[in-house]
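Colleague: Could you take a close look at the sheet in this model for me? I would like to hear how the strands are arranged and what packs around them.

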Amino acid sequence: MQNYMINAANAWVRDLDASYGAHYRLGGYTDAEIMRTMWKYLHRGQNCRRAWARINMHMPETLTTGESLDILEFSTAHGAMLEIWRNHGHKVRGTDYAWAVEGSGAMHKGVRKTWHSDLLSQVKETAHENTRSEPVAGWPYQSIIESLDLEVDLFDGGALPYGYADKSFDVLCCYQAIEAYAHPDQWLDILAEFCRVTRKTIVLGFNPQPVQHADDESYIAEARKAWLAMQSYRSNGFACVFFEVGQTRRGVHPTAAKFQAI
C-alpha cells in the first residue's frame, strides 16, 4: 500500500492513537543490525498507519468486538498489525522467514540520504528492556520484533502442513506474501491449510504480479485461475465474502479477499 493510499484510507476511518507515532526503541543494537530492515519499515508511525488502514478496511470487527481473539499474521514483518491488535486486547502471534540472505536482492544498501541518518539516530534514542536473542541471519525485522516483545515463528510459508493444531486461531491474515510462498497453482492448497488452523476469519492481501512474471502467460493464467476460484470459494468450512480489486502503480489487480467460516 503506497503512502498516498494510506493517507487517503485513514482520512475515512477512526483516528489512530497518537502514541503509535513514537519511534521504535532500538538503542543498544548496532547500526548494522538496525539497517538490515529497509528504511521505510524503520518508520513506526508509517507502519502503524498502514496497518490501521488495512484493519479498518478488511477486519473492522476485530476493533469493536468485546471478545479476546487469537490472531495469527503470516509474514508479519515489522509487526505493526499485531501491535495494534494486542493493544485492543487480543492474543497475537506472527510468522516470518529468514529471507534476506546474500544474493536475494534484499540486502540493505546503506545510509544514502539525510532522512536515513536522521531516522537511524531517532530509533536509537531509547532502548527496550525485552529479551534479546542471538541474531538470526536473514531475518531483517528481528530488532523491531524484539523491541515490541512479539512472538514470531520463523518458517517457510510454502512448506505445508504448518506446525499449528487444527482451529488454533480465530483470525488469520496474510498480506502480500502468498506470491512468495508458492506458484499460483498451489495458492488454493495454502488457503486450505489456512482454513485448517483458523476458526472464524481469513484475509489474504495480494501483490501485483511480480516483474519477473509480467510476460509469463502461463504464470498469469494460473494466477487468474486461482483468483477466480477464490472469488467463488466455498470449501473446508469457509466461504469467500469479500473480493477486492484495486489499483497500484502496476495497474489494476486483485488486492484482497476475505473468507468467513460457514
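Modeller: Happy to; what follows walks through the sheet, then the helices beside it. Please keep in mind that this is a predicted model.

Let me begin with the overall layout. The sheet is an open one built from 8 strands, and its order reads S3-S2-S1-S4-S5-S8-S7-S6. The pairing within the sheet is mixed, and you will meet both senses as we go along. At the edges stand strand S3 (152–154) and strand S6 (234–235). Each of these two has a single partner strand, so one side of each is left without a neighbour in the sheet.

Starting from the S3 edge, strand S2 (residues 91–96) runs parallel to S3, with 3 bridges between them. If you would like a residue pair to find on screen, look for Asp96, whose bridge partner in S3 is Leu154.

Further along the order we reach strand S5 (residues 198–205), which is a good place to pause. Of the 8 residues in S5, 6 are buried, so this strand is largely enclosed by the rest of the structure. One of its pairings is with strand S4 (residues 169–175), in the parallel sense and over 6 bridges. Within that pairing, Val171 has Thr201 of S5 as its bridge partner. S5 also pairs with strand S8 (residues 251–261), here in the antiparallel sense and over 5 bridges. Two residue pairs can guide your eye there: Val203 stands opposite Lys258 in S8, and Leu204 has Ala257 of S8 as its bridge partner.

S8 has another antiparallel pairing, with strand S7 (residues 238–248), and this one extends over 10 bridges. S7 and S8 make a hairpin, with 2 residues between the strands. To locate the pairing, try Cys240, which is bridged to Phe259 in S8.

Now for the helices that accompany the sheet. H5 lies across strand S1 (70–74), S2 and S4, and runs at about 170° to S2. Helix H10 (residues 217–231) also packs on the sheet, where it touches S5, S7 and S8. The direction of H10 makes about 130° with that of S7.

Both of these helices have a helix neighbour too. For H10 it is helix H9 (residues 187–197): the two axes come within 10 Å and cross at roughly 35°. On the H9 side, the contact uses Trp187, Leu188 and Leu191. These meet Tyr219, Ala223, Ala226, Trp227, Ala229 and Met230 in H10. By class, this contact has 9 nonpolar residues, with no polar and no charged ones.

For H5 (residues 80–87), the neighbour is helix H3 (residues 44–58), with axes that come within 8 Å and cross at roughly 70°. That crossing angle makes H3 roughly perpendicular to H5, and the crossing is right-handed. H3 brings Arg44, Asn47, Cys48, Ala51, Trp52, Arg54 and Ile55 to the contact, where they meet Ala80, Met81, Glu83, Ile84 and Trp85 of H5. By class, this contact has 8 nonpolar, 1 polar and 3 charged residues.

Key. Residues are numbered from 1 along each chain as its sequence is written. This is a predicted model: local features need pLDDT of at least 70, side-chain atom pairs count only at pLDDT 80 or more; totals for chains, interfaces and linings use all residues. Side-chain values use heavy atoms; hydrogens and water are left out. Axes are lines fitted to C-alpha atoms, for helices over the stretch in contact, and angles run from 0 to 180 degrees between N-to-C directions. Helices (H or I, at least four residues) and strands (E, at least two) are DSSP runs, numbered from the N terminus. Angles under 35 degrees count as roughly parallel, over 145 as roughly antiparallel, 65 to 115 as roughly perpendicular and the rest as oblique. A crossing is left-handed if the near helix is turned anticlockwise from the far one by less than a right angle, and right-handed if clockwise. Contact means heavy atoms within 4.5 Å. Ala, Val, Leu, Ile, Met, Phe, Trp, Tyr, Cys and Pro count as nonpolar, Asp, Glu, Lys and Arg as charged, and the others, Gly among them, as polar. Two strands pair if DSSP finds at least two bridges between them. Buried means under 20% relative accessible area, exposed over 50%, partly exposed in between (1.4 Å probe, protein chains only).
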